[in-house]
Amino acid sequence: MTVIIPKTIQTELQGITAVAADVQSVSSVLNLAKARRVSIFIDHAKDNASASVGQGAEYIIQVSEKATGNETWRALAAFTAAITAPTAPVTDAEEAAGQTVIECGATVPAVGDIVFFKNATIANSEWANVIARVTTGGSETFTIESGLTNIQAAGTYYTQGEYFVVVLDVSAITRLRVVCNNTKGTTNRAIVWRVAAITEQ
């Protein structure tokens, strides 16, 4: 007998959002009344060429036992982003959707970097994993793991994107939200984030 576990792919709790230094951003609230487990997917990106100082942006998964009100939010899990300065590759030209080889200037991201392509239309921004690079003078490129989803203009982009994923037992929890706290360092920098969830009923 095959058992099918129903899953609901939620609307993103927070679409791609730019967060200035020294600012906090809070996602929408996820109702967990019918959920047993939830997978949380957080995407983080640098939006500044300089390093943060003291501590990077912190992502706090908060839960509540009450159906309404704000006095019962409690931290269940947390992640902290890196603080070092990103590499800032400058792409040579507009890149088409589906493109995997990105031509750039002399600054080339390392294999394993996550580059954030910040689009003028923020919802069309995207994260990409670097899997290869060419550093030959005048022919520099980097290759991303999967083709671009959207057209990305020529411009300066930053590395050190990060992904955080956690699966939580929420059978005894009523609500959940995620807080992006970009205030905890002694010198904070602008960042971009997104969060989504999948629940198991």
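Which side chain meets E71 in a salt bridge, and what is the N to O distance? The partner is K66, at 2.9 Å. The legends below describe this pair and other close-ups of a predicted model.

**Figure 1. Overall fold of the predicted model.** The protein contains 14 strands and zero helices. Read from the N terminus, its elements therefore run β-β-β-β-β-β-β-β-β-β-β-β-β-β. The C-alpha trace extends over about 60 × 50 × 25 Å along its principal axes. Of the 201 residues, 45% are buried. Among contacts with a separation of 6 or more, 76% are between residues 24 or more positions apart.

**Figure 2. The largest nonpolar core, centred here on I40.** This core has 26 residues, and the members that touch the most others are I40, I61 and L176. Two or more residues each come from β5 (37–46), β6 (58–64), β7 (74–80), β12 (162–169), β13 (175–182) and β14 (191–200). Strand β14 gives the largest share, four residues. Beyond its neighbours within four places in sequence, I40 is in contact with I61, F164, V165, V166, L176, V178, V195, A196 and A197. Another core lies apart from this one; it has 11 residues, including I102, F117, A128 and I144.

**Figure 3. Surroundings of V19 in strand β2.** Strand β2 covers residues 14–19. V19 has a relative accessibility of 4% and so counts as buried. Residues up to four places away in sequence aside, V19 touches S25, C180, N182, A190, I191 and W193. One of these, C180, is 161 residues from V19 along the chain, yet their C-alpha atoms are separated by 8.6 Å.

**Figure 4. Two buried cysteines, C104 and C180.** The relative accessible area of C104 is 2%, under the 20% limit, so C104 is buried. For C180 the value is 0%, and this residue is therefore buried as well. The structure holds zero disulfides.

**Figure 5. R177, a buried charged residue in strand β13.** Which side chain of opposite charge is nearest to R177, and how far away is it? It is E71, 10.0 Å away, and R177 has no salt bridge. A side-chain polar contact of 2.8 Å instead joins R177 to Q62. Leaving out residues up to four places away in sequence, R177 touches V26, S27, S28, V29, I60, I61, Q62, N70 and W73.

**Figure 6. The salt bridge between E71 and K66.** The closest approach shown is 2.9 Å, N to O. E71 has a relative accessibility of 49% and so counts as partly exposed. K66 is also partly exposed, because its relative accessible area of 38% falls between the 20% and 50% limits.

**Figure 7. Q152 in the loop between β11 and β12.** Strand β11 covers residues 141–144. Is Q152 buried or exposed? Q152 is buried, with a relative accessible area of 0%. A polar atom of the Q152 side chain lies 2.9 Å from the backbone oxygen of N124. Apart from neighbours within four places in sequence, the residues in contact with Q152 are A93, E94, E95, F117, N119, N124, S125, E126 and Y157.

**Figure 8. The salt bridge between D43 and R194.** The closest N and O atoms of the pair are 2.7 Å apart. D43 belongs to strand β5 and R194 to strand β14, and the two residues are 151 residues apart, so that distant parts of the chain are linked. At 12% relative accessibility, D43 counts as buried. Together with E12, D43 and R194 are linked in a network of salt bridges. The structure holds seven salt bridges.

**Figure 9. The salt bridge between K118 and D47.** The N to O distance is 2.7 Å. This pair also links distant parts of the chain, with the two positions 71 residues apart in sequence numbering. K118 is in the loop between β9 (114–117) and β10 (126–134), while D47 is in the loop between β5 and β6. K118 has a relative accessibility of 33%, and therefore counts as partly exposed.

Key
Residues numbered from 1 in each chain as written. Predicted model: local features only at pLDDT ≥ 70, side-chain atom pairs only at ≥ 80, totals over all residues. Heavy atoms only, no water. Core = buried A, V, L, I, M, F, W, Y, C linked by side-chain atoms within 4.5 Å. Buried < 20%, exposed > 50% of the residue type's maximum accessible area, 1.4 Å probe, protein only. Contact = heavy atoms within 4.5 Å. Disulfide = S-S within 2.5 Å. Lys, Arg positive; Asp, Glu negative; His and termini not counted. Salt bridge = Lys/Arg side-chain N within 4 Å of Asp/Glu carboxyl O. Polar contact = N/O pair within 3.5 Å; in protein donor to acceptor, adjacent residues only side chain to side chain.
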